[in-house]
Amino acid sequence: MNDASKNLKLVQEKIAIAAQDASSGSKDVVLVAVSKTFDADEIRPVLQAGHRVFGENRVQEAATKWPALREDYPGIELHLIGPLQSNKAKEAVALFDVIETVDREKIAAALAAEMAKQERKPHLYVQVNTGLEEQKAGIDPRETAEFVTRCREVHGLTIEGLMCIPPIDENPGPHFALLEKLSREAGVEKLSMGMSADYETAIQFGATSVRVGSAIFGSRY
Ligand SMILES: *Cc1c(COP(=O)(O)O)cnc(C)c1O
């Protein structure tokens, strides 16, 4: 086993333990292995170890790596976890199985149009800017439930979950708790929250998937 596949195993074990401890009772938590900045040869050992769920934050970068990997390893589920521009909607719909970063009307409209055209239906999450950070993508928490409703009623899109990236310098717990509360208000079931530094905490707060990069692949330079 190389380092990444060893790390994968460790993270999987910690997820299983955290899920058992979670007050919501043990449940399956999906591990999204975040492979951004790592090239195909660095990703292969993790695929070889049987893992199939990955996250990328850039459409362009994903397009250079994943079509070939998909041919070699059937059953891959690829998540877009970075900001999406509407001029990339076409490529994103073609490439990704889950788009976690729907955060404004224009993107919802662009995705709806492309999904109809391509007859592909990636699963969709809304990104919430729980810390109301100026530079960060995501919708205002106060507008989340209404936006989820508009996605359905105006654009015909089913939103399955919410995603957040808490401010780097804050205790993430309150942000995870807020996202969980918003998911109940909006009537969605999936919660994508928690990264290498805090995925066990996120599971305590009800995460259904965690996005873990450096704890598996090593640090990004
Ligand atoms: C890079 C990234 C991650 C993974 O971060 P690590 O700290 O390396 O685990 C998770 N979510 C998003 C949105 C990211 O961009």
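**Ligand surroundings**

I began with the residues around the ligand in this predicted model, and I found that Val34, Lys36, Ile81, Met163, Ile165, Met195, Ser196, Arg211, Val212, Gly213, Ser214 and Arg220 surround the ligand. I then sorted this shell by class, which gave six nonpolar, three polar and three charged residues. I also looked up where the ligand sits, and the place is the largest pocket.

**Polar contacts of the ligand**

Next I asked myself which residue has a polar side-chain atom 2.5 Å from an oxygen atom of the ligand. That residue is Ser196. For Gly213 I noted that a backbone N or O atom lies 2.8 Å from an oxygen atom of the ligand, and for Arg220 that an N or O atom of the side chain is 2.8 Å from an oxygen atom of the ligand. I then checked how much of the ligand is covered: on its own the ligand has 390 Å² of accessible area, and the protein covers 89% of this.

**Cysteines**

I turned to disulfides, and a search of the whole structure gave zero. Why is Cys151 in no disulfide? I reasoned that a disulfide needs two cysteine sulfur atoms within 2.5 Å, whereas the nearest cysteine sulfur to that of Cys151 belongs to Cys164 and is 17 Å away. I checked Cys164 as well, and Cys164 is in no disulfide either, with the sulfur of Cys151 as its nearest cysteine sulfur at 17 Å.

Finally I asked whether Cys151 is buried or exposed. Cys151 is buried, with a relative accessible area of 0%, and I wrote down for Cys164 that this residue is buried, with a relative accessible area of 0%.

Notes:
Residues numbered from 1 in each chain as written. Predicted model: local features only at pLDDT ≥ 70, side-chain atom pairs only at ≥ 80, totals over all residues. Heavy atoms only, no water. Buried < 20%, exposed > 50% of the residue type's maximum accessible area, 1.4 Å probe, protein only. Near = heavy atom within 4 Å. Polar contact = N/O pair within 3.5 Å; in protein donor to acceptor, adjacent residues only side chain to side chain. Areas by Shrake-Rupley, 256 points an atom, 1.4 Å probe, with all protein chains shown as cover. 1 Å grid on protein atoms, 1.4 Å probe; cavity = no way out; pocket = protein on both sides within 12 Å on 5 of 7 lines; lining within 4 Å. Sits in = over half its atoms within 2 Å of the grid points. Nonpolar A, V, L, I, M, F, W, Y, C, P; charged D, E, K, R; others polar.
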